[in-house]
Amino acid sequence: MSRYDGLSLSQLIDLLHPMVTPEPVSMAPATSGWWVLGGWLLALMLIALGHRVAAYRRNRYRREALRALDALAQQEPAASQAIAVLLKRTALGAYPRRDVAALQGDAWAAFLCTSSGNDPVVTAAAPSLARAAYLAPVNDPQLLAAARRWVQVHRA
C-alpha cells in the first residue's frame, strides 16, 4: 500500500513540485554572424535610401516643369509659344546643351519622339510641338497634354 492512497486529486496536486519556467529568450543576436548580417542589411538600406534621395533630386527639374505647365493650363489661352519655350528649357536642363540647343523643326520633333521612347501621345503631337514656337498663340489642349507627357516620360 502506498502512502498516497486515500488522498484526493487536489491533495495530490498540492504535493507536486512547482513548475520550472525557462529563462526568457533574448532578442539580441547571440553570435557575431548576426551582427555582421545586420551591418550589411543596414548598409544596403542606407545605399538604397541614398539612391532614392539622389533620384528625387535629379528629377527636380521635372517637378518644376510640371508645375509650370499647370500654371500655363490655368491661363486663357494657354500660349503654345510658352509651352514650346518650357519644353526647350526642360530639355536643356536634362540633356547636354550641345545636343539640344540647336535643334528646331523636324530635328526637334524627332528628338522629342526618341527621348520619350516613341510614346504615342508625344509622337502624335511632336510636329505640332516643334512648330508651336513659331505660330500664333493658340489654346490647344493636345499640345499641353503632349508636353506634360514628354516631361513625365523622357529619359535623360
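**Exercise 1. In which helix of this predicted model does S115 lie, and is S115 buried or exposed?**

Step 1. In the predicted model, S115 is a residue of helix α6.

Step 2. The relative accessibility of S115 is 7%. The cut-off for a buried residue is under 20%, so S115 counts as buried.

Step 3. S115 shares this status with other members of α6, which spans residues 105-115: W108, A109, F111, L112 and C113 are buried as well.

Step 4. The cover over the buried residues of α6 includes α4 (80-94), α5 (97-100), α7 (120-131) and α8 (141-153).

**Exercise 2. Identify the polar partners of the side chain of S115, and then its contacts beyond four places in sequence.**

Step 1. Begin with the backbone. The backbone oxygen of F111 is reached by the S115 side chain at 2.8 Å. A polar atom of that side chain also lies 3.4 Å from the backbone oxygen of L112.

Step 2. Continue with side chains. A polar contact of 2.8 Å joins the side chains of S115 and W150.

Step 3. Set aside the neighbours within four places in sequence. The residues in contact with S115 are then Y95, W150, V153, H154 and R155.

Step 4. For a long-range separation, take L7. The C-alpha atoms of S115 and L7 are 92 Å apart in space, with these positions 108 residues apart in sequence.

**Exercise 3. Determine how α6 and α7 are oriented relative to each other, and describe their contact.**

Step 1. The axes of the two helices are 8 Å apart, and the packing angle is about 150°.

Step 2. An angle over 145 degrees counts as roughly antiparallel; α6 and α7 are therefore roughly antiparallel to each other.

Step 3. The crossing of α6 past α7 is right-handed.

Step 4. On the α6 side, the contact is formed by G105, W108, A109, L112 and C113; on the α7 side, by V122, T123, A126, P127, L129 and A130.

Step 5. Sorted by type, the residues of this contact comprise 9 nonpolar and 2 polar, with no charged.

**Exercise 4. Which residues after α6 have a positive phi? Examine G117 and N118.**

Step 1. G117 follows α6 and has a positive phi, near 75°.

Step 2. N118 lies in the loop between α6 and α7. The phi of N118 is also positive, near 55°, although this residue is not a glycine.

Step 3. For context, most residues other than glycine have a negative phi.

**Exercise 5. Classify the packing of α4 against α8 and against α3.**

Step 1. For α4 and α8, the axes come within 10 Å and cross at roughly 10°. This makes the two helices α4 and α8 roughly parallel.

Step 2. The residues of α4 that meet α8 are S80, I83, L87, T90 and A91, and their counterparts in α8 are L143, L144, A147, W150 and V151. Of the residues in this contact, 8 are nonpolar, 2 are polar and none is charged.

Step 3. For α3 (residues 60-74) and α4, the angle is about 175° and the axes are 10 Å apart. The pair α3 and α4 is therefore roughly antiparallel.

Step 4. Y61, A65, A68, L69 and L72 of α3 meet A82, I83, L86, T90 and A94 of α4. The division by type gives 9 nonpolar, 1 polar and no charged.

Step 5. Comparing the lists, I83 and T90 of α4 appear in the contact with α8 and also in the contact with α3.

**Exercise 6. Where is L135 located, and why does L135 count as partly exposed?**

Step 1. L135 belongs to the loop between α7 and α8.

Step 2. Partly exposed covers the range between the buried limit of 20% and the exposed limit of 50%. The relative accessibility of L135 is 43%, so L135 counts as partly exposed.

Step 3. A distance completes the description: 12 Å separates the C-alpha atoms of L135 and V85, which are 50 residues apart along the chain.

Terms used: Residues numbered from 1 in each chain as written. Predicted model: local features only at pLDDT ≥ 70, side-chain atom pairs only at ≥ 80, totals over all residues. Heavy atoms only, no water. Buried < 20%, exposed > 50% of the residue type's maximum accessible area, 1.4 Å probe, protein only. Helix = DSSP H or I, 4+ residues; strand = E, 2+ residues; numbered from the N terminus. Contact = heavy atoms within 4.5 Å. Axes fitted to C-alpha atoms, helices over the stretch in contact; angles between N-to-C directions. Parallel < 35°, antiparallel > 145°, perpendicular 65-115°, else oblique. Left-handed = near helix turned anticlockwise from the far one by under 90°. Nonpolar A, V, L, I, M, F, W, Y, C, P; charged D, E, K, R; others polar. Polar contact = N/O pair within 3.5 Å; in protein donor to acceptor, adjacent residues only side chain to side chain.
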